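Me: I have a model open and want to go through its backbone and surface. Can you take some questions on it?

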Amino acid sequence: MAWDIGLPRRRVSKPQNQLFQQSRFRLAAWYAGVMGVILALLGLGMYRAIAHAHEVTIDREIKSVADALKNALKVTLSDEQQLEQLSPQLLPDLCLADNRCLEPRQQTPSSPYLQSYYIRIISPTGELFATAGTRPQGIPVTVPAATWQTVRDDSNQHYHQVALKLYPTVSPEIGPTATEPESWAYLVVGRSFQDFDEYLASVRWRILLGLLLALALVAPASWWLATLAMHPIYLSYSRIQQFTADAAHELRTPLAAIQATVESVLRLPHLSEADAQDTLSVIHRQNLRLSTLVSNLLLLSKLDIQPYPVKQTHCNVVDLVHDIAEEMAAFALQKKIHLAVDVQTEPTVTVFGDEENLYRLLLNLVNNALTYTPEGGQVTLTLQKQHQQALILVTDTGVGIAPDEQAKIFDRFYRVDTARSRQTGNSGLGLAIATAIAHAHRGTITVSSRPGQGSTFIVSLPISS
Ligand code: ADP
């Protein structure tokens, strides 16, 4: 996306544009990186949870097989001598240490659990008495070091095994002895985790693929988010640049006028009283213009820094409207314009805010109305009340504003007719200040205008209860 943000008059220069592009790239990279790490951690957590759940299930299965076998053996066996007489139905696949089997060995054991488990009966000294089920190569026959063990065969395949002690059968005539009987063997039951490892490998691949897919989506999303995040910064940076350039330009005009006047006077061999008067009046006029401009700039920056008024009081808008009309009466008279006030509310309508600033807001609007209305015209200040809002309408029968200019006139330093505005000494800050003041009071300013017919500026301010 290009940085075409429709700036009013000026664009950010190329190196600065590069700086914004770099920042946008960095921001996008950070977004993508952080999202990548979060997704990777989530994937890892999911993988660990799946692996753990399966491991617990398989261990539980091994334990239940081992318990069932132990209970069955407990009834018939008291020592290794009896292994030979063990019913082939109980462990059909059982072979003794000297390779004598209870039944001829089959290629695949008949019982399903014998197909995936190895069963060993080991003496307390670590000698193998008998074995059944699968015969993994390389798993040592020793005294089990713990109840649960993870062991590996020759092909590095891993197994979980559980070891349970076998005790001699207690004869019902003798009854339970006071001392615990010695165990005569360990029953070791183990299971291969090959199928589980294969399953986990497929889960790993799926998570990795999912992660890559998610990153492929996250990358453009990050770029888009970075663009969104940088856009207001870019916009306000451009506005500041524009504002600085415009302010410098506005300040330069009266300064240049003073400079030119002084230089021309200095070139004169002697200065008559009339020349001195002229020079001083030019300097005085330009100086006034400079002071107005500087105080307007100061007010704007104050409103930017402190958008909400510090000194707030309950201001009666009816009084404000009458005061403005009174102050502007002389100007209206001078311009031969009829200035009228139409209060359509009760005598007191209060707004909570800074009276001085609210006065300035209305003064700017009425001053504009009188400035841009020709002789014989009419300017009316109307006050209405609507839905807990005080509406102040400044209507004139002046030059009007073209529809495409109506939104721009609220921008700082924007003037429809620059040459004409300069003549009047206006700098294009009046409406910007009025808007900032209205916003500071949680209000709005709108305009409706028809070129050649006049304009109406509507200020809406919330009424304080
Ligand atoms: P300025 O100080 O030049 O009057 P403003 O910000 O007050 O600046 O106004 C911006 C521009 O909006 C003016 O230059 C003028 O062209 C236009 N404007 C403002 N008020 C009116 C009005 N009542 N009638 C016609 N044009 C107006």
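The chat below goes from the whole chain to two loop residues.

Me: What kind of model is this?
Reply: It is a predicted model.

Me: How many helices and strands are in the protein chain?
Reply: The protein chain has 8 helices and 13 strands.

Me: And what share of the residues counts as buried?
Reply: Buried residues make up 40% of the 465 in the protein chain.

Me: What about the accessible surface of the protein chain, how much is there and what share belongs to carbon and sulfur atoms?
Reply: The total is about 26,700 Å². Carbon and sulfur atoms hold 58% of that surface.

Me: Contacts next. Taking those with a separation of 6 or more, what percentage is between residues 24 or more positions apart?
Reply: That figure is 68% for the protein chain.

Me: Switching to the backbone. What sign does phi usually have outside glycine?
Reply: Most residues other than glycine have a negative phi. Lys 336 has a positive one, near 55°.

Me: Where is Lys 336 found?
Reply: Lys 336 is in the loop that runs between helix 5 (317-334) and strand 8 (338-343).

Me: Is Lys 336 buried or exposed?
Reply: Lys 336 counts as exposed because its relative accessible area is 55%, and the cut-off is over 50%.

Me: Now Gln 388. What is its phi?
Reply: Phi of Gln 388 is positive, about 60°, and the residue is not a glycine. Gln 388 lies in the loop between strand 10 (378-386) and strand 11 (389-396).

Me: Why is Gln 388 called partly exposed?
Reply: Because the relative accessible area of Gln 388 is 48%, and partly exposed covers values between the 20% and 50% limits.

How values were computed: Residues numbered from 1 in each chain as written. Predicted model: local features only at pLDDT ≥ 70, side-chain atom pairs only at ≥ 80, totals over all residues. Heavy atoms only, no water. Helix = DSSP H or I, 4+ residues; strand = E, 2+ residues; numbered from the N terminus. Buried < 20%, exposed > 50% of the residue type's maximum accessible area, 1.4 Å probe, protein only. Contact = heavy atoms within 4.5 Å. Areas by Shrake-Rupley, 256 points an atom, 1.4 Å probe, with all protein chains shown as cover.
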